[in-house]
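Visitor: I should like to learn how to read a structure of this kind. Please show it to me, and let us begin with a helix and its surroundings.

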Amino acid sequence: MSRKIIVIGAGASGLMAAAAAASRGASVDIFEKNEKAGKKIYITGKGRGNLSNACPTEEFFLKVASNPKFLYSALYDFDQASATRFFEENGCQVKVERGQRVFPVSDHASDITRALTSYLKKHNVRMHLNTEVRKILTEEEMDTGTDSKNKRTGHVTGILLKDGRKIGADAVILCTGGLSYPSTGSNGAGHRMAEKLGLSLVPCAPSLVPLTVKEGWCRELSGLSLKNVEISVFPLHQEEGKKKKKPLFTHFGEMTFLPDGISGPIILTASCYCRFERYPDGFAMHLNLKPALTHEQVSARLAREFTAHKDQPLKNALRPLFPYKLAEVVAKLSGLGENRKVGSVSEEEREGLADLIQDMPLTLTGTRGYNEAIVTRGGIAVKEINPSTMESRKIGGLYCAGEVLDVDAQTGGFNLQIAWSTGHLAGISAAEGGA
């Protein structure tokens, strides 16, 4: 007889887990509290659906910020090529863009969900929408092992729904996501279910999220985007007194100023590594506006502009180098006086200005929260999950996949691929009865 599998959550990992379990002949039911499946998938990649990244698999792990080694089995079992093949075979043709990011050819994230739900329908998977799961049911299990890490305290028997119904199952796959984008239904319910079963949780925090800053001048640049800049981030306490250590994070690319902070691809990626729970004082960020030039080249460029605009105020002389609003801010931060005539600027002062252009300091004070976070950092501790099967080491028959786990990565399709890979492994393992 086929095994009866219940999947809690019809997001990316849940849909893939259900597809994988059904492909092995399991009888699968998905329970989703939202009115439709894949609600968060619809907003990925700004609605275009950045479903994976086609970089070499070895490089993929370098993009994972939390617990990359945990993903070895899952990713090698169902890698980027496997995911791409699945979607193309189910009607979602894909293309590869800058940064090896994989998108649907149509530029519609809805095609990703459609490919998954179409596959599930063909394999007789039952989808229960607007149906909330309250609890995972278990029966106590006697400990027969000697390895404390693998001692089990129970085995899954099914689930309890909000309306009081109990549904039996041989295995349950928990795929409820994290806390990011609560408008899509993410509220940490899966974490609470896991905690009630005795699983350990790593404290959660927003990740891939805009950052707030201390400096008021950022407000003057609100809406301005900068390309080809470089940032370096250090824990703030490293800035005080001692010589700076190696940066916590360095990246080159595009950023955007907000009324109370900064965003853009390099800032979202930086947020993966800015762990304010560890460093409550915040982080120092150094912004290089001209990373492609040496200090000498920046100084020489300033000298040429100052000669050509010797009777102009400093902010005007900087306009050939920067957008107008940024030229004003750089002039103000230089301390030379934004309306000072550049003909009176000394060589030493010009050198100081060159230093500022390649090292503008910012103080990162926090994030803009889960409402704007693409993913959640933290979740179910991976030390309690068997990486070869995605089964809980404590609760037999309980499998976990996707964002509910303490695994997160940089922007660029990596997090959705993690959902596909962990979901696929969990589904296969649950259908075959685990290890």
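Guide: The buried residues of α12 pack against β16 (283-288), α9 (295-308), α10 (314-317), α11 (324-334) and β17 (360-367). Helices (H or I, at least four residues) and strands (E, at least two) are DSSP runs, numbered from the N terminus. Contact means heavy atoms within 4.5 Å. Buried means under 20% relative accessible area, exposed over 50%, and partly exposed in between, with a 1.4 Å probe and protein chains only.

Visitor: On what kind of model do these statements rest?

Guide: The model is predicted: local features need pLDDT of at least 70 and side-chain atom pairs count only at pLDDT 80 or more, whereas totals for chains, interfaces and linings use all residues. Residues are numbered from 1 along each chain as its sequence is written, and side-chain values use heavy atoms, with hydrogens and water left out.

Visitor: Which residues of helix α12 are buried?

Guide: An α-helix has 3.6 residues a turn, so residues three or four places apart point the same way. In helix α12 (residues 347-357), the buried residues are R350, L353, A354, L356 and I357. They cover an arc of only 160 degrees around the axis, and therefore lie on the same side of α12. The arc is that of the directions from the helix axis to the C-beta atoms.

Visitor: How does one describe the packing of two helices, for example α1 and α5?

Guide: Axes are lines fitted to C-alpha atoms, for helices over the stretch in contact, and angles run from 0 to 180 degrees between N-to-C directions. Helix α1 (residues 12-23) and helix α5 (residues 110-122) pack at an angle of about 30 degrees, with axes 10 Å apart. The two helices α1 and α5 are therefore roughly parallel to each other; angles under 35 degrees count as roughly parallel, over 145 as roughly antiparallel, 65 to 115 as roughly perpendicular and the rest as oblique. The contact involves L15, M16, A18, A19 and S23 of α1 and T113, L116, Y119 and L120 of α5. These residues divide into seven nonpolar, two polar and no charged. Here Ala, Val, Leu, Ile, Met, Phe, Trp, Tyr, Cys and Pro count as nonpolar, Asp, Glu, Lys and Arg as charged, and the others, Gly among them, as polar.

Visitor: Which hand do the crossings of α1 have, with α5 and with α13?

Guide: A crossing is left-handed if the near helix is turned anticlockwise from the far one by less than a right angle, and right-handed if clockwise. The crossing of α1 and α5 is left-handed, and that of α1 and α13 is right-handed. The axes of α1 and helix α13 (residues 414-432) come within 7 Å and cross at roughly 35 degrees.

Visitor: Is G14 of helix α1 buried or exposed?

Guide: G14 lies in helix α1 and, at 0% relative accessibility, counts as buried. Leaving aside residues up to four places away in sequence, G14 touches V7, G9 and C175.

Visitor: What is notable about the phi of K46 and of M390?

Guide: Most residues other than glycine have a negative phi. K46, although not a glycine, has a positive phi of about 55 degrees, and M390, also not a glycine, has a positive phi of about 70 degrees. K46 is found in the loop between β2 (27-31) and β3 (52-53) and counts as exposed at 85% relative accessibility. M390 is in the loop between β19 (385-386) and β20 (391-392) and counts as buried at 0% relative accessibility.
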